[in-house]
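Please open the model in your viewer, with the sequence panel beside it, and keep the selection tool at hand. The tour goes from one selection to the next and says what is found at each stop.

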Amino acid sequence: MVNLLLIESPGKVKKLGQILGSGWVIKASMGHVRELANDGEDALGFDLGADAIDCRYQPRDDRAKKVLSELRQAVKAADCVYIATDPDREGETIGWHLQQALNLKHPRRVVYSEITAQAVRAAIARPRTLDQSLVAAGRARDCLDKLVGYKGSRHVVWPLNNGAKSMGRVQSATLHLLCVRERAIQAFVPQDYWSVWVTYGEGFKAFYRSSPKPQRKPGKDAEDKGAEHESERVTTQERADALVAIARTHPHQVLQIEGKQASQSPPPPFITSTLQQAAGSKLHFSPEHTMKVAQALYEKGHITYMRTDSIALSAPFCEAVRMYLEQHDPTNLPRQTTRHRAVKGSQAAHEAIRPTDVNHLPQQLQRELSAEQARLYELIWNRAVASQCAPARLRKTRIVTQSGDAYWEARGQVLEFAGYTRYWNNLSADAVLPALSQGQPLQLDQAQADAKQTQPPPRYSEPKLVKLMEQKGIGRPSTYAPTIKTLQQRQYVELLQGKLQPTALGLELDGALEKLLPDLIQPEFTAQMETALDAIATGDQDWQTYLLDWNRGYFAPAIAQAKSQLLFLPTFAEQPPTPGAVPSHPPSVTRAKPTTGQPTKTQCPTCGEAMTKLPSRSKKMKAKHFLKCSGPGCGTVMFWNAKAKCYELPQAQRQALHSDLFTDHPCPVCGALLERYAYSKDGQDKVMLRCSMLEHRRGKCKEVAFFQSRGEFWSPKFGTLKLPTPSP
């Protein structure tokens with residue numbers, strides 16, 4: 001009997017072959033084998049119907065065609081086929097594509113998070129069918145990303161004619177985070193301040209405080225890293241000099257002494273984002289390189305699967321760590337197994353990143369691993385073991401002294417029991433304060449005021465950006481590193497001195513998208529889409545219904561509105577879309593130079609000022625010109641209607657001038673009147689009803705959309721709407 005095991009990466013073949021032995025044939029798909037075709041409207045490869053989505057798939061490239069041909073031959077020779085693609089949404093989707101492309105009727109799906117004999121054999125002993133909910137989420141993500149990327153790039157980005165190549169659902173939201181920070185840096189105006197301090201003959205340094213009460217200490221991620229080593233900020237030279245004079249002319253004595261024992265809990269084991277952050281700060285690896293090295297460790301069977309957002313550890317591993325500590329570090333053994341709070345939205349069925357065997361010590365594997373693999377493995381081993389250790393115990397001391405009406409504070413910290421920090425030290429160095437008594441006089445050595453300036457917020461390093469993406473809900477573990485790489489490849493961002501800085505092109509593109517597609521680049525909006533994909537993955541949401549509603553209710557109208565707004569920008573010449581597949585580079589275009597308009601007698605319907613006649617090279621306009629208001633800050637434009645032989649506002653603005661735009665029916669969410677909204681689809685004019693409050697449409701009422709069908713208006717969420725019959 002011949003069993004065929006289909007996997008993704010050829011790097012696993014040797015290890016799996018050793019585990020499974022004879023009777024097994026192991027073949028790798030080399031990753032994805034199929035993708036959406038580049039045909040149909042905007043080369044999407046799928047059609048958005050009234051209530052269904054028709055997807056057309058094709059082999060990804062010539063290599064994929066060859067791989068599929070080889071796999072078909074292997075399937076013919078096999079008695080039983082097992083699909084062992086990666087244990088995540090993407091792996092499940094690749095497994096489904098293999099089933100479809102190879103015409104597998106009853107493949108056995110096996111899932112393991114580590115390539116060890118015990119885990120692999122246990123998975124094969126308990127096969128299951130493909131999880132269609134996970135597959136649906138993977139297909140939805142493919143369609144969603146292509147819909148946003150292709151339509152947004154073709155109809156919004158390319159017409160800007162500034163050299164920008166693309167936009168994307170995750171890519172553009174991430175770029176926006178970087179550009180928001182960059183604009184804050186550019187707008188920053190430094191302020192002068194002074195840090196005032198004293199040193200004592202007893203051997204310690206104290207900083208000025210206006211009150212003896214404890215001050216809030218900056219958090220671990222405080223942007224001003226030196227804030228805990230400064231006094232309260234003194235904003236004038238005169239006040240700083242006065243405080244120094246007080247310190248020098250008044251006796252000093254101990255006012256307060258506070259000492260307390262503090263417990264510091266161990267950090268949780270690594271997930272994808274925290275591994276990338278730690279490898280970046282400690283090993284200077286980029287997120288992409290971290291995942292490449294981790295992949296090699298996984299394929300060799302040394303660590304568990306490295307794309308995960310779960311901090312859970314298996315019970316056998318936790319027990320193995322306890323046994324290790326009992327033998328080698330018994331004082332570090334906690335009374336019970338350490339529990340960590342799960343990350344919101346994480347997949348609890350998965351595990352954190354950990355060594356497959358705690359007894360495989362880092363120093364023992366150095367000969368087997370490359371230098372980089374050994375360093376990353378040591379990081380993972382230390383963090384996993386530390387997560388199961390006892391808390392560290394600290395003795396913290398705070399001393400407040402007084403001279404005249406000025407107070408001075410010194411803080412000390414001594415590690416009394418190392419606990420988990422023997423494996424993962426995330427504490428600052430000891431700061432020992434002398435033994436003093438309350439009321440004790442002190443000998444002043446020095447009093448000084450250091451002139452300083454406030455600093456702009458720092459740019460993000462790659463690890464810091466990954467952390468921010470995770471916090472904002474942008475993307476998922478598998479997309480953090482590829483997204484950052486894409487931003488650099490598109491020349492929207494460059495890495496300078498270890499920090500990510502938007503280029504002029506990146507800032508210009510983000511500024512345009514902020515005007516044209518403002519919702520799509522907001523982290524919260526992108527996070528909502530990720531939440532919807534998670535709901536599809538758990539079977540709580542139908543993927544086709546979600547995507548159709550999202551496109552009808554938001555994206556299609558947003559693209560149409562963005563296209564109309566592009567006509568307001570006479571400095572950009574519109575480039576018609578190219579038939580067929582979207583290339584990696586847009587057509588070669590150059591920025592059009594602003595031109596001087598010709599005054600006309602036509603009055604602006606918005607403000608009454610005279611309109612100016614401007615030339616246009618847009619092939620969508622039948623006339624080679626349009627009118628733009630010359631009034632300050634107005635910006636109204638009008639276009640020539642050859643049939644009516646007059647100038648008209650854009651359709652969306654014409655609708656706003658008619659009182660019959662509003663219905664008598666309230667919005668089912670906020671109670672505002674519903675409004676009629678006209679749009680075109682497949683060359684036909686259509687009407688839908690939506691909330692008339694713009695700010696609500698971008699928030700709580702974004703799902704309020706009633707579409708016209710057979711004389712009625714219906715909504716996938718709110719059902720059929722019966723409008724009141726107008727009085728005769």
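What follows is a walk through the whole chain, one sheet, several helix pairs, a run of strands and a few single residues.

**Before selecting anything**

This is a predicted model, in which local features need pLDDT of at least 70 and side-chain atom pairs count only at pLDDT 80 or more, while totals for chains, interfaces and linings use all residues. Residues are numbered from 1 along each chain as its sequence is written, and side-chain values use heavy atoms, with hydrogens and water left out.

**The whole chain**

Colour the chain by secondary structure, and 18 helices and 28 strands appear; these are DSSP runs numbered from the N terminus, with helices (H or I) of at least four residues and strands (E) of at least two. Of the 728 residues, 49% count as buried, where buried means under 20% relative accessible area, exposed means over 50% and partly exposed lies in between, with a 1.4 Å probe and protein chains only. Among the contacts in the chain with a separation of 6 or more, 67% are accounted for by residues 24 or more positions apart, contact meaning heavy atoms within 4.5 Å.

**The seven-stranded sheet**

Select strands 9 to 15 next, which form an open sheet of seven strands in the order 14-11-12-13-10-9-15 with antiparallel pairing; two strands pair if DSSP finds at least two bridges between them. The edges are strand 14 (441–442) and strand 15 (444–453), each of which pairs on one side only. Within this sheet, strand 11 (residues 252–264) and strand 12 (residues 392–403) are joined by eleven bridges in the antiparallel sense, and glutamate 258 can be found opposite arginine 398 of strand 12.

Now add helix 7 (residues 237–249), which lies across strands 9, 10, 11, 12, 13 and 15 and runs at about 170° to strand 15. Axes here are lines fitted to C-alpha atoms, for helices over the stretch in contact, and angles run from 0 to 180 degrees between N-to-C directions.

**Helices 8 and 11**

Move to helix 8 (residues 272–283) and helix 11, whose axes come within 11 Å and cross at roughly 125°. That angle makes helix 8 oblique to helix 11, since angles under 35 degrees count as roughly parallel, over 145 as roughly antiparallel, 65 to 115 as roughly perpendicular and the rest as oblique. On the helix 8 side, show Leu275, Ala278, Ala279, Lys282 and Leu283, and on the helix 11 side Arg375, Leu376, Leu379 and Ile380, which together make the contact. By class, these comprise seven nonpolar, no polar and two charged residues; Ala, Val, Leu, Ile, Met, Phe, Trp, Tyr, Cys and Pro count as nonpolar, Asp, Glu, Lys and Arg as charged, and the others, Gly among them, as polar.

Stay on helix 11 (residues 371–386) and pick glutamine 373, which has its place there. Glutamine 373 is buried, with a relative accessible area of 12%. Leaving aside residues up to four places away in sequence, glutamine 373 touches Val293, Ala296, Leu297 and Lys300. Its C-alpha atom is separated by 9.7 Å from that of lysine 292, 81 residues apart along the chain.

**Helices 9 and 13**

Select helix 9 (residues 287–299) together with helix 13 (residues 480–489): their axes come within 8 Å and cross at roughly 140°, and the two helices are therefore oblique to each other. Pro287, Glu288 and Met291 of helix 9 meet Ala481, Ile484 and Lys485 of helix 13, a set that divides into four nonpolar, no polar and two charged residues.

**Strands 18 to 21**

Which strand does strand 18 (residues 598–603) join through three bridges? Its partner is strand 19, and the two run antiparallel, with glutamine 603 opposite alanine 610 of strand 19. Strand 19 (residues 610–615) is joined in turn to strand 20 by five bridges, again antiparallel, and methionine 611 stands opposite cysteine 629, while threonine 612 stands opposite lysine 628. Strand 20 also pairs with strand 21 (residues 637–641) over two bridges in the antiparallel sense, where lysine 628 faces valine 637. Four of the five residues of strand 20 (residues 625–629) are buried, so this strand is largely enclosed by the rest of the structure.

**Two loop residues**

Most residues other than glycine have a negative phi. Asparagine 161, in the loop between helix 5 (132–157) and helix 6 (169–187), has a positive phi near 55° and counts as buried at 4% relative accessibility. Glutamine 491, in the loop between helix 13 and strand 16 (493–496), has a positive phi of about 65° but counts as exposed at 52% relative accessibility.
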